[in-house]
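Notebook open, coffee ready. I want to see how one helix packs into its surroundings.

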Amino acid sequence: MYPLRNYALYRTLFYPLRKTRNEENLAVCYPRYLAMQYCQNKRKHIYHGDPNLKPFTETDENIWVGPPHPVSNIRLKFFPNSAEQSKEEEDFYTQSRKTQEWNHQYWEAHNKDFQESRKLFIEQVSKEKNISKDEVADSEEMAHFYEKFLKKNHSKHIRYNWDWYKKNFILLYLAAKANFFKFIRIFKK
């Protein structure tokens with residue numbers, strides 16, 4: 001059996017209030033359907049670098065996660081900017097933004113390079129075999145391409161991993177510091 005609150009949430013999300021299938025009633029009956037439709041409609045309008053895009057209010061303390069970026073495939077986070085944040089929280093969010101931007105730039109450049117290299121490889125194979133570009137190279141040739149691409153970028157990946165570890169340890173330290181001061185602030189009240 002489910003606890004009552006979980007069962008009520010489950011019924012709200014998955015069972016209809018009425019058994020009708022038009023768009024209007026689906027949004028009323030299925031909150032998940034409404035959220036999914038909202039995300040699908042808004043996704044094409046979201047630009048991840050838009051500073052005016054605020055899915056939250058100024059007093060909201062939640063971190064919002066956006067849809068995947070079309071090139072980097074990273075789900076960018078929107079951090080709160082409330083005036084009630086302590087200096088430690090501001091430092092943490094500032095460093096988080098910098099780390100996210102660095103990560104996003106790396107994967108955007110890497111994925112562009114990968115797509116271009118893949119396109120050139122497919123064109124080269126199609127010229128050699130006299131097949132159209134729409135026909136895909138067989139899996140052995142693509143495996144050879146992936147291996148070659150990974151070997152070519154191995155040192156770049158190693159450097160990225162070490163930088164990523166360093167940045168995450170810095171974030172871990174700043175998060176612990178911010179939570180410690182938040183804990184102290186709660187008990188001072």
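Before I start: I count two residues as in contact when they have heavy atoms within 4.5 Å. Also a note to self: this is a predicted model.

Entry 1. With that cut-off I looked up Met142. Leaving aside its neighbours within four places in sequence, Met142 is in contact with Arg118, Phe121, Ile122 and Ala137.

Entry 2. Next I looked up the helix that holds Met142, which is H5, residues 139-152. H5 has 14 residues and reaches 20 Å from its first C-alpha to its last, close to the 20 Å expected at 1.5 Å a residue.

Entry 3. Which residues of H5 are buried? I found Glu141, Met142, Phe145 and Phe149. Looking down the axis of H5, I see these buried residues fall within an arc of 95 degrees, so they line one face of the helix. My textbook reminder fits here: an α-helix has 3.6 residues a turn, so residues three or four places apart point the same way.

Entry 4. I turned to the other side of H5, where Ser139, Glu140, Leu150 and Lys151 are exposed.

Entry 5. What covers the buried residues of H5? Helix H4 (87-129) is included in the cover.

Entry 6. Then I checked the largest nonpolar core. I listed eight residues for it: Phe114, Phe121, Ile122, Val125, Ala137, Met142, Phe145 and Phe149. H4 and H5 each supply at least two residues of this core, and the largest share, four residues, comes from H4.

Entry 7. There is a second, separate core of five residues, among them Phe79, Phe92, Leu171 and Leu174.

Methods
Residues numbered from 1 in each chain as written. Predicted model: local features only at pLDDT ≥ 70, side-chain atom pairs only at ≥ 80, totals over all residues. Heavy atoms only, no water. Expected span 1.5 Å × (residues − 1). Buried < 20%, exposed > 50% of the residue type's maximum accessible area, 1.4 Å probe, protein only. Arc of directions from axis to C-beta. Core = buried A, V, L, I, M, F, W, Y, C linked by side-chain atoms within 4.5 Å.
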